[in-house]
Amino acid sequence: MAANDTIADMLTRIRNATLARHQTTQVPATKMTRSIARVLREEGFINDFEEAGEGVNCNLVIALKYKGKNRQPLITALKRVSKPGLRVYSNKKELPRVLGGIGIAIISTSSGIMTDREARRQNLGGEVLCYVW
């Protein structure tokens with residue numbers, strides 16, 4: 001299935017997999033999905049990710065993370081902010097705080113994909129891709 005919005009497709013696949021309590025989920029591999037998965041791993045929302053397949057059929061296999069004996073997912077919600085039809089940009093002074101700092105905003109900056117905290121630290125603004133909490 002070809003998706004125009006690979007970021008929204010990735011977030012939906014992760015959301016559906018966590019609701020179904022799956023161990024892993026597969027996402028089409030692009031530079032953007034690799035960068036977002038790297039940020040999610042660094043922030044502790046997922047265990048790890050690896051590439052499976054080759055060429056056009058390359059996918060990211062994302063290992064999801066749960067807590068407690070009743071396996072509550074660490075990712076409570078994922079929200080796409082900037083969409084292909086309406087891009088949302090934020091300068092360094094107006095970077096959003098998700099749930100007062102509990103969640104993260106993933107920002108696409110001139111220095112790459114990073115969290116809102118890292119963008120503030122580097123004094124950068126950019127496109128607000130999504131919120132994760």
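## Salt bridges in a predicted model

At 25% relative accessibility, Glu 118 counts as partly exposed. This structure is a predicted model. Glu 118 pairs with Arg 121 in a salt bridge, with 2.4 Å from N to O. Arg 121 counts as exposed, at 62% relative accessibility. The two residues sit three apart in helix H3, so about one helical turn separates them.

Side chains of opposite charge can pair when their charged atoms come close. A search of the whole structure finds nine such salt bridges. Three of them are described here, including the one above.

Helix H3 spans residues 116–121. Asp 116 and Arg 120 both lie in this helix, four residues apart, or about one turn. They form a salt bridge, with the closest N and O atoms 3.5 Å apart. Is Asp 116 buried or exposed? Asp 116 is buried, because its relative accessible area of 3% falls under the 20% cut-off. Arg 120 is partly exposed, at 24%.

Another salt bridge joins Asp 48 and Arg 41. Their closest N and O atoms are 3.1 Å apart. Asp 48 is partly exposed, with a relative accessible area of 38%. Arg 41 is also partly exposed, at 33%.

The table lists the N to O distances of these pairs.

| Salt bridge | N to O distance |
|---|---|
| Arg 121 and Glu 118 | 2.4 Å |
| Asp 48 and Arg 41 | 3.1 Å |
| Asp 116 and Arg 120 | 3.5 Å |

Technical notes:
Residues are numbered from 1 along each chain as its sequence is written. This is a predicted model: local features need pLDDT of at least 70, side-chain atom pairs count only at pLDDT 80 or more; totals for chains, interfaces and linings use all residues. Side-chain values use heavy atoms; hydrogens and water are left out. A salt bridge is a side-chain nitrogen of Lys or Arg within 4 Å of a carboxyl oxygen of Asp or Glu. Buried means under 20% relative accessible area, exposed over 50%, partly exposed in between (1.4 Å probe, protein chains only).
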